[in-house]
Amino acid sequence: MESEHLKIEHKGLTFDVHRSGPARGPWVVLLHGFPTTSYCWKDVIPRVHDAGLRTLTIDQRGYSPGARPDAVEDYRLELLVDDVVGVLGHLNIAYSMLVGHDWGGIVAWHLAAGHPDRFTGLVAVSTGHPSAMAAALAESDDQRRRSSYIKAFMAEGSEEKLTAREGVLLRRAGVSAEELTPFLAPATSSVTGEPVNALTGPLNWYRANFGGDVAETLACPPVEIPTTMLWSDGDAALGRAQAEGSSRFVYSDYRFSEVRDVDHWVPEKAPEAVASEIALRSTMY
């Protein structure tokens, strides 16, 4: 088994990357969501290794201390996608499976759609295809209600509200104390070196991509690689319509899998289910 923490520089930003697993296993890239780092995969990764697969995790833009640009526009979706392609290029990883949860799922869908020659399969956890999400927001009062928190996240000063009293609002939403620790510690901008709130970069993902026409911002071509959609029926943020609607946007082998009685935090609460779907998808390639 190999296990290595790396600092990968791409276009002036430095990303914290961890690669581990069997030396000759196929690669699996795991992309975290908001507001967690790659720590969210800690109970998934050993199970994936047991299936003979190697893993690569990336603390993404705004999460890696060396990748905290200041401007909101520096967090546009196309830049988030390019970061992953850049890191894989620096590591000479030509082919891998993709796994993404929450915002990491949105990035993963776009990677799969835009670079089908680089990825052998996709396991999207909680987050449906972006076009299915846009459709659910347009057509479903249920999804609009579930997504109402986004406006609060985009508001000025939301960093201070979410980190106040040791992040009590996020802890009530189900984020663990261990996952919140990096966002409660003192932080600095990777550009100016000035003090910043560590949650500003992660919140800028919302500000940069949900400030206008959501359907246009999220617009994503259909995916043409084998795909698994893993959704939990207790998810308060992402409803069934956007999950089941994803089948319309996958022009390849497609599998829908439902985890019962689990909330939004599927990698942490149901790591065995996530790892099982990754292992199954790897055998279907």
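Trainee: What makes β5, α3 and β6 a right-handed β-α-β unit?

Mentor: Point the strands away from you; a crossover is right-handed if the path from the first strand over the helix to the second runs clockwise. β5, α3 and β6 fit that rule, so the unit is right-handed. This is a predicted model, where local features need pLDDT of at least 70, side-chain atom pairs count only at pLDDT 80 or more, and totals for chains, interfaces and linings use all residues. Residues are numbered from 1 along each chain as its sequence is written, and side-chain values use heavy atoms, without hydrogens and water.

Trainee: What counts as a helix or a strand?

Mentor: Both are DSSP runs, numbered from the N terminus: helices are H or I with at least four residues, strands E with at least two.

Trainee: How do you know that β5 and β6 pair?

Mentor: Two strands pair if DSSP finds at least two bridges between them. β5 and β6 have 6 bridges, so they pair, and they run parallel. Val 99 stands opposite Val 123 in β6.

Trainee: Which sense do β3 and β5 take?

Mentor: Parallel, over 4 bridges. Leu 30 has Val 99 as its bridge partner in β5.

Trainee: Why is β5 called mostly covered?

Mentor: Buried means under 20% relative accessible area (exposed is over 50%, partly exposed in between; 1.4 Å probe, protein chains only). In β5, 6 of 6 residues are buried, so the strand is mostly covered.

Trainee: Why do β1 and β10 stand at the edges?

Mentor: The open sheet runs β1-β2-β4-β3-β5-β6-β9-β10. β1 and β10 each have a single partner strand, so one side of each is left without a neighbour in the sheet.
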